[in-house]
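Reader: I'm new to this structure and would love a close look at one part of it. Could you pick a spot, walk me through it slowly, and then show me how the rest compares?

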Amino acid sequence: MELTENLKELVWQRQKGMCGSCGKKIEVQSENIQNAYLPFLTGNDPNEIPTQEMLMLCNMCHGEHTSKKLITEVRKYSFPFANFSNYKYNDLYNDVKNDVFSSIEQINSLTDLRESKSKMKELHQIFRSVNLEREHHDELHNAISKVNDEIRQQIQQSQEKTDLEFLENYNKLKNQITEATQASETATDLKGAREALIKAQTLFSEYKIKNENRIELNSILQSAFEKLNSRQAEEWEKYEMECSDNYYSLKSIVEEAANFADKATEFKSAREKLIEVQNEIRGKKLKKEQRDSLYERIRGSFDNLNTRQSEERIVYEKECEENFASISKIMLEGIEFSSTSIIFKEARERLIDLQNQIKNLKLKKEQRDNLFDQIRSAFDSLNERQSSEREVYDSECETNYNSSKIKIDDIKAQIDNFGNFGQIRDNLITIQSELKILKLKKNQRTDLFNSIRNAFGSLDAKRQEYKKIKNDDKLKKLNSILINLDNKILRIEESITRDQQTLSGFVTINDIDEIETEFSSANDSDKIISIKARISDKEASLNDAKARIQDIQFELAELNKEL
């Protein structure tokens, strides 16, 4: 249905010339309402909506509803002056009832009391916006009151819980603030004391407390800050004197370094000198303006250094560009010669000569890479043109490939049989070097290099395996020797004990010299000397065995570290 003037007139008459939302009088021909006719039903083409579903709003209500995108969400009862012909009281009651119970269900599902209160306010607005019969009014009012009472009870419980939480927070915060303020009164590190007070001050954001408690604790902190400020003023005077001494001492050093950098021809040493002075400044006490002044002088030297270096770079880049332009011309001639020459040797020599010229020229990396890429491409093209030698080349490549493959396979067999690992590695390196100069196809060379890499991997694995076996054998041998030495020490100690017991049955040589009895004789003296000599030999053998045990234990410890 087209929104004609006649249709507008019908809607205007149905609403008695009033805005469907606020009831304000609207002139039918007013330009201010030219866009105020809206289809109420959602998702329908305005041309297909019947007249009774059209809605007329004043300019203000139209802007409010469309800006909030409410025209497709609200009920018809929200427009009491629209006089919808097909919207009866039962329809209104059912819409209101559905919205009320839908809102109650939504409120019951919420956990945020603020959101619940907001939703409850919206519910009251819905309920107050319509006129219902007494029975229906009481029904919905009772349902709303029940939910409202439940929310009030929850708010009261939440408030009691909040008060208890505030009290606990107050006690915790007071203890921490008291501790910080008491520590600040005796602290020697005033900066640390101030930081501790500031840290205590930041605790206000972590704890929720009542405002009067917050004022009380904040007053305690402010008093501590004032005492600290008084002590810090004295320290500040000493600090200023130290800063002044440091500044005038560093100023001469900075000037010396800056003058050196301004005149230096070696930029690296000039930069190192300036950086060295910068590091020295960082370790000294200075005021901000003093430090800035010194750094400003250094920055000026750095800027001057950068300017000089940039100028040299410009000269360098200009020289590179000139060299690149010059060699590029020669390069084109050389590549053209290599692409047309039938004497491949001369063509190769020409390209190699170009390579050597490029190496000796001052060029940027990307320029040098570009030229070398062109030469490589020329070499590739030259190789492709050597079709007359291709058969010989292929045969030689195949022969070289098979020969190298056999050598590598032979070395792999030696690796599996635990051959001479040093000689094997040397052989692999030799073959690897040969592959770089042998005539081979790309895939053949790649395959052989892969085989060599695998052989090196196997060699390292076998070497580790062999080393482990050797270490295991050595461990077994050393442990066996250790056991034997322990048994030997036991036997020697038992033998020494027996000799000492035998010796105790004789009179010592000193006793023989001092006391002569009928029981002493030259024969006993000889036996005593013999036993003592035997004991001395056994003790020497015992010490050797113990020293050997220490050596073995050291070796075992080293072996265990390697394992």
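Author: Let's start with R376, which is partly exposed because its relative accessible area is 45%, a value that falls between the 20% and 50% cut-offs. Please keep in mind that this is a predicted model. R376 has a salt-bridge partner, D373, and the closest N and O atoms of the pair are 2.3 Å apart. Where do R376 and D373 lie? Both belong to helix 11, three residues apart, about one turn of the helix. D373 counts as partly exposed too, because its relative accessibility is 38%.

Helix 11, which covers residues 365–385, also holds D369 and K365; these two are four residues apart, about one turn of the helix. Their side chains meet in a salt bridge, with 2.9 Å from N to O. D369 has a relative accessible area of 32%, so it is partly exposed. K365, at 62% relative accessibility, passes the 50% mark and therefore counts as exposed.

You can find a similar arrangement in helix 5. There the side chains of D138 and R134 form a salt bridge, at 3.6 Å from N to O. Because D138 and R134 are four residues apart in helix 5, about one helical turn separates them. D138 is partly exposed, since its relative accessibility is 28%, while R134 is exposed because its value is 63%.

How many salt bridges does a search of the whole structure find? The count is 21. Some residues are joined in a network: E255, D262 and R297 are linked by salt bridges in this way.

Next, have a look at S252, which sits in helix 7, residues 211–263. S252 counts as partly exposed because its relative accessibility is 47%. A polar atom of the S252 side chain lies 3.1 Å from the backbone oxygen of S249. Try finding L294 as well: S252 and L294 are 42 residues apart in sequence, yet 10.0 Å apart in space from C-alpha to C-alpha.

Now let's turn to the interior. The largest nonpolar core has 31 residues, and those touching the most other members are L92, V96, V100, M120, L123, L132 and L140. At least two residues of this core come from each of helix 1, strand 2 (54–56), helix 3 (89–109), helix 4 (113–128) and helix 5 (134–186). Helix 3 gives the most, with six residues. M120 is a good one to click on: leaving aside neighbours within four places in sequence, M120 is in contact with I107, I144, V147, N148 and I151. There is also a second, separate core of 18 residues, and Y170, L221, F225 and L228 are among its members.

One last stop is Q15, in the loop between helix 1 (5–14) and strand 1 (37–39). Is Q15 buried or exposed? Q15 counts as buried, because its relative accessibility is 0%, and buried means under 20%. What does Q15 touch, beyond its neighbours within four places in sequence? Its contacts are G20, M54, L55, M56, F81, A82 and N83.

So, to return to where we began: R376 is partly exposed at 45%, and D373 is its salt-bridge partner.

Key: Residues are numbered from 1 along each chain as its sequence is written. This is a predicted model: local features need pLDDT of at least 70, side-chain atom pairs count only at pLDDT 80 or more; totals for chains, interfaces and linings use all residues. Side-chain values use heavy atoms; hydrogens and water are left out. Buried means under 20% relative accessible area, exposed over 50%, partly exposed in between (1.4 Å probe, protein chains only). Contact means heavy atoms within 4.5 Å. A nonpolar core is a set of buried Ala, Val, Leu, Ile, Met, Phe, Trp, Tyr and Cys residues joined through side-chain atoms within 4.5 Å. A polar contact is a pair of N or O atoms within 3.5 Å; within protein, one must be able to donate a hydrogen and the other to accept it, and residues adjacent in sequence count only if both atoms are side-chain atoms. A salt bridge is a side-chain nitrogen of Lys or Arg within 4 Å of a carboxyl oxygen of Asp or Glu.
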